[in-house]
Amino acid sequence: MKTEVLSLLTDYEASIRVGAERIAGGELVVFPTETVYGIGADAGNEQAVRRIFEAKGRPADNPLIVHIAEFARLGEIAHVTPLAEKLVGAFWPGPFTVVLKSRGVYSKTVTGGLGTIAVRMPSGKAARDLITLSGKAIAAPSANISGRPSATTAEHALLDFDGRVPLILDGGPCSVGLESTVCDATGEEAVILRPGGVSLEMIQKIDPKAKIAPAAMEGVKEGESALSPGMKSSITRQEPDHRKGEALGIQKPLNLCMIKRRARAGRRIFSAIRSMLFHMGTEGS
């Protein structure tokens with residue numbers, strides 16, 4: 001497969017329309033969001049969704065995030081709680097993913113076999129235009145091979161997906177450069193399943209009882225299912241990295257969620273850490 005790279009910076013209208021046509025046609029498209037680059041497909045196209053898992057080498061029990069461009073879509077695909085209404089009202093569009101009980105609109109492949117579904121409304125223009133023009137909700141994890149860091153530039157994504165996806169939309173560096181916060185809002189108290197661009201302190205202004213799930217910091221144990229996209233981020237690797245061709249010999253598990261929390265002092269600090277980890281084989285999908 002030949003991977004085509006189209007620049008949104010030099011020919012936005014033509015490139016975004018090509019991307020939308022590819023999504024509507026059942027193909028995979030790597031695209032920028034304000035958080036990180038995503039590898040997306042029509043959430044309602046089962047074959048296309050399965051190809052996301054194949055391209056990433058992603059475990060089948062690791063759920064995907066469904067991206068939407070209109071608030072009304074949330075109630076169509078999930079059972080919206082009063083807490084969820086407050087949270088998305090405060091943090092959408094933006095780097096915030098809400099987990100709710102699914103209405104069954106999308107398959108168990110999308111939800112990782114769970115009865116819940118993760119939904120986000122991105123703030124990035126390219127991502128929202130891609131959703132709107134394609135007429136599809138887009139299922140998309142981060143654009144990286146499982147076990148590697150999330151891409152924050154098209155160049156990063158191309159390193160992992162050259163020959164694996166038909167199209168990459170280059171929108172330049174992501175403005176946030178940090179994955180979305182994933183928050184369980186199925187009950188009366190908010191529970192962060194994955195730390196990200198919206199901090200616990202920000203969420204506690206909406207729900208003072210909000211907390212971080214222990215698994216969000218410790219990772220999912222072997223044999224357990226992930227309750228959130230990106231919870232399976234603690235890994236051990238000791239193999240050559242294809243970007244440098246060097247044997248890295250990483251023997252201790254690295255949990256990107258922990259690194260994210262410690263990097264809240266500034267986006268630039270986290271970007272520097274991410275650049276280093278690009279050669280250390282850890283993931284934040």
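1. Rings of Phe, Tyr and Trp (its six-membered ring) are taken to pair if their centres lie within 6.5 Å, with planes under 30 degrees apart counted as stacked, over 60 as edge-to-face and the rest as tilted. By that criterion the structure holds two aromatic pairs. The rings of Phe71 and Trp92 have centres 6.0 Å apart and planes at 50°, so this pair is tilted. The pair links distant parts of the chain, 21 residues apart, with Phe71 in the loop between strand E4 (65-67) and helix H3 (72-77) and Trp92 in the loop between helix H4 (82-91) and E6. Here helices (H or I, at least four residues) and strands (E, at least two) are DSSP runs, numbered from the N terminus.

2. As to the basis of these remarks, this is a predicted model, in which local features need pLDDT of at least 70 and side-chain atom pairs count only at pLDDT 80 or more, while totals for chains, interfaces and linings use all residues. Residues are numbered from 1 along each chain as its sequence is written, and side-chain values use heavy atoms, with hydrogens and water left out.

3. On burial, the terms are buried for under 20% relative accessible area, exposed for over 50%, and partly exposed in between (1.4 Å probe, protein chains only). Phe71 is partly exposed, with a relative accessible area of 45%, whereas its ring partner Trp92 is buried, at 6%. In the other pair, the rings of Phe91 and Phe96 have centres 5.2 Å apart and planes at 40°, so that pair is tilted as well. Phe91 and Phe96 are both buried.

4. For the chain as a whole, there are 11 helices and 16 strands, and buried residues make up 56% of the 285 residues. Taking a contact as heavy atoms within 4.5 Å, 67% of the contacts between residues at least 6 apart in sequence join residues at least 24 apart. The accessible surface comes to about 12200 Å², of which 51% belongs to carbon and sulfur atoms; these areas come from the Shrake-Rupley method with a 1.4 Å probe, and for residues only the protein chains shown count as cover.

5. Strand E6 (residues 96-102) deserves its own point. Six of its seven residues are buried, so E6 is largely enclosed by the rest of the structure. Two strands pair if DSSP finds at least two bridges between them, and on that basis E6 pairs with strand E5 (residues 78-79) in the antiparallel sense over two bridges, where His79 stands opposite Lys101. With strand E7 (residues 116-120), E6 pairs in the antiparallel sense over five bridges, and the bridge partner of Thr97 in E7 is Arg120.

6. E6 also pairs with E10, in the parallel sense, over four bridges. Phe96 stands opposite Thr181 in E10, and Thr97 has Val182 as its bridge partner there. Within E10 (residues 181-184), Thr181 and Cys183 point one way and Val182 and Asp184 the other way, yet all are buried.

7. On the hairpin, E10 is joined by three bridges to strand E11 (residues 191-194), and the two run antiparallel. Six residues lie between E10 and E11 in this hairpin, and Cys183 has Ile192 as its bridge partner in E11.
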